[in-house]
Amino acid sequence: MTTRAPAPESMRLDRFLWWARLAKSRERAQEMACDGHFRMDGRAIARAHAPVRVGSILTFAQAGDVRVLRVESLPVRRGPPAEGRACYCDLVTSPTSSVDGSPYAA
């Protein structure tokens with residue numbers, strides 16, 4: 001009989017970005033976290049080891065768009081893309097929306 005370890009309460013930001021397939025490599029995830037343009041729960045983050053928890057709101061630029069995500073679960077491995085997408089929920093669904101959610105950006 002095997003027992004599963006309890007799910008972790010938090011995970012390093014760079015590891016989450018890589019395992020949830022938001023970054024192609026762990027090195028790129030570290031760069032994203034340390035470039036100074038990343039926010040978690042409204043606070044600027046400039047370190048790859050910042051703890052991510054379920055319910056955290058992540059805001060960052062990716063491919064010319066601003067992405068706002070809510071962490072739904074912490075991944076247990078770097079699995080297939082569908083498994084990574086299940087770990088977060090996109091809060092901004094329209095690429096034409098501004099940061100405040102208004103489709104009428106000035």
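This passage looks at the nonpolar core of a predicted model and the strands around it. Local features are taken at pLDDT of at least 70 and side-chain atom pairs only at pLDDT 80 or more, while totals for chains, interfaces and linings use all residues. Numbering runs from 1 along each chain as its sequence is written, and side-chain values rest on heavy atoms, with hydrogens and water left out.

The largest nonpolar core (buried Ala, Val, Leu, Ile, Met, Phe, Trp, Tyr and Cys residues joined through side-chain atoms within 4.5 Å; buried is under 20% relative accessible area with a 1.4 Å probe, protein chains only) holds 24 residues, and L13, F16, L17, L22 and L58 touch the most other members. Helix α1 gives the most, four residues; α2, β2, β5 and β6 are among the elements that each supply at least two (helices being DSSP H or I runs of at least four residues, strands E runs of at least two, numbered from the N terminus). Beyond its neighbours within four places in sequence, L22 is in contact (heavy atoms within 4.5 Å) with F16, L17, M32, F60, Q62, R67, L69 and Y88.

As for the strands, β5 pairs (at least two DSSP bridges) with β2 in the antiparallel sense over two bridges, and six bridges join β5 to antiparallel β6. L58 sits opposite M40 and has L69 of β6 as its bridge partner. The β5–β6 hairpin has two residues between its strands, and A63 in the turn shows a positive phi of about 55°.

Just outside these strands, S56 lies in the loop between β4 and β5 and is buried, at 5% relative accessible area. Setting aside neighbours within four places in sequence, S56 is in contact with M40, D41, L69, R70 and V71.

Note on methods: Buried < 20%, exposed > 50% of the residue type's maximum accessible area, 1.4 Å probe, protein only.
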